[in-house]
Amino acid sequence: LLGQITTNVKSYTVIDEAFVDSFAVTLFETGGSDVRDLYFGSALSLGFQKIVKDKYKIDPQPYVTEYGVKLHKWVLNQGEFNLIWDPTMNQSFTDFGFAIDPDGRRPVKMRFMGDDDKGSRKFRIDKHVETPGTDGRIDKFLADIGIQVPLEKINGIAKKANS
């Protein structure tokens, strides 16, 4: 989605309530539905948890068997974020949040390459392929898949400054 979403890309230094509210309101004012799915990595997840822990001053009593925060939604009058931690973002995108409108008039969706002379390029297995410069044959999986973002202004990206 980097490079495809350009209108609503906001940077933060520390995740706090004011930043999340400002980012959300900006997105909801662009049109689309009143719901955004916010996919994020561990670092951003910890930021959301810190907001809640600081706000409610969670103070464990002796013999506590559970402790922590698990936040599923961020709700404002203008709309709500469904908060979705995605472990695949924990490396390069741990400080990023991708806000996608799942219900918009023209939502983000998967796009596939058209068929070629061997058939479908959505997903296929080519058996016994000889690759130039290698000795032997291997089986190859082919899946030419992309993402279509037809109305990018209703989606957004939150990222840590200097990321």
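Helices (H or I, at least four residues) and strands (E, at least two) are taken as DSSP runs and numbered from the N terminus. The model is predicted, so that local features require pLDDT of at least 70 and side-chain atom pairs count only at pLDDT 80 or more, whereas totals for chains, interfaces and linings use all residues. Residues are numbered from 1 along each chain as its sequence is written, and side-chain values use heavy atoms, with hydrogens and water left out.

A salt bridge is defined as a side-chain nitrogen of Lys or Arg within 4 Å of a carboxyl oxygen of Asp or Glu. Eight such pairs were found across the whole structure. One of them joins K50 to D54, with the closest N and O atoms 2.5 Å apart; both residues belong to helix α2 and are separated by four residues, about one turn of the helix. With buried denoting under 20% relative accessible area, exposed over 50% and partly exposed in between (1.4 Å probe, protein chains only), D54 is partly exposed at 37%.

For R124 and D126 the closest N and O atoms of the salt bridge are 3.0 Å apart, and both residues are buried. E130 and R137 are likewise bridged, at 3.0 Å, but each is exposed. Through shared partners, salt bridges connect D116, R124 and D126 in one network.

The largest nonpolar core (buried Ala, Val, Leu, Ile, Met, Phe, Trp, Tyr and Cys residues joined through side-chain atoms within 4.5 Å) contains 19 residues. Helix α1 supplies the largest share, six residues.
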